[in-house]
Amino acid sequence: MELLKGVHVIESYATTTLLVDDRLVLGDTGVEDDTRMILDALAKLRVKPRDLATIFITHTHPDHVGGLATFKRDSPAKVAAHRIEAEYVSRARTYDGPPRVQRHPGTVVDVLLEDGQVYDGLRVIFTPGHTRGSMSLLDETRSLLIAGDALNNEHGLGPMDDQFNVDPQQHRASIKRLATLQFDTAIFGHGAPMKGGASARVTELAKRL
Ligand SMILES: [Zn+2]
């Protein structure tokens, strides 16, 4: 689905986002079993993995990092993740938070991101608590937040279920931080995207936490 001009949302078990500008940027790569479906969705948009400039990984959970190794196999795309999360994406370290099991093939992270940094048009918002190095991405040009699992919109807007959060309190603090930002549209790791007035909705939620 083309949510905004140049913003394609591919919904599998978790959401993958494709941004189309003069460069092509992918946000998250789904579970491994959905890779074929995501590749087909990209093919319909005439996009091949080798055309991608950057693959951002919001966090190391299997439903966000699962397809990465397959995407990277035929692609010179740079893999970008928060500095803390990068070690888990590459499997240099074993992730110790829920769901505890990591099965994805380790993939080297080329770009180690820091909070506030802008890379390939996206501003990094460090949103730890769901995992240790979770991040969200802000596209200021489009007034778009790619939340990853810093927020959940499966049953209305809320936090992720705490059984999946490494630090529930920190997760809520990250939501409060997102509530200080301005964005019209938001894409979530799980649940329908929100178009128009999205940051006001996050502010409302933050007040209830
Ligand atoms: Zn997650």
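D120 is partly exposed, because 16 other C-beta atoms lie within 10 Å; the class falls between buried (20 or more other C-beta atoms within 10 Å of the residue's own) and exposed (12 or fewer), with C-beta atoms placed from the backbone. The structure is a predicted model, in which local features need pLDDT of at least 70 and side-chain atom pairs count only at pLDDT 80 or more, while totals for chains, interfaces and linings use all residues. Residues are numbered from 1 along each chain as its sequence is written.

**Backbone geometry in loops**

Most residues other than glycine have a negative phi, and most peptide bonds are trans. D120 has a positive phi, and so does R91. R91 is partly exposed, with 15 other C-beta atoms within 10 Å.

| Residue | Phi | Loop |
|---|---|---|
| D120 | near 50 degrees | between β8 (118-119) and β9 (122-126) |
| R91 | near 70 degrees | between α4 and β7 |

The loop between α4 (83-89) and β7 also holds P99. The peptide bond leading from P98 to P99 is cis, its omega being near 0 degrees. Helices (H or I, at least four residues) and strands (E, at least two) are DSSP runs, numbered from the N terminus.

**The sheet**

An open sheet with mixed pairing is built from seven strands, in the order β1-β2-β3-β4-β5-β6-β7. Two strands pair if DSSP finds at least two bridges between them. At the edges are β1 (2-4) and β7 (111-113), each paired on one side only. From one strand to the next, the twist averages 25 degrees. Within the sheet, β5 (residues 54-56) and β6 (residues 78-82) run parallel and are joined by three bridges. I55 has V79 of β6 as its bridge partner.

**Helices α5 and α6**

The axes of α5 (residues 168-178) and α6 (residues 198-208) come within 8 Å and cross at roughly 140 degrees. Axes are lines fitted to C-alpha atoms, for helices over the stretch in contact, and angles run from 0 to 180 degrees between N-to-C directions. The two helices α5 and α6 are therefore oblique to each other, a class left over once angles under 35 degrees (roughly parallel), over 145 (roughly antiparallel) and 65 to 115 (roughly perpendicular) are set aside.

I175, K176 and L178 of α5 make the contact with V202, L205 and A206 of α6; contact requires C-beta atoms, placed from the backbone, within 7 Å. The residues of this contact between α5 and α6 comprise five nonpolar, no polar and one charged. Here nonpolar covers Ala, Val, Leu, Ile, Met, Phe, Trp, Tyr, Cys and Pro, charged covers Asp, Glu, Lys and Arg, and polar covers the others, Gly among them.

Terms used:
Two residues are in contact if their C-beta atoms, placed from the backbone, lie within 7 Å.
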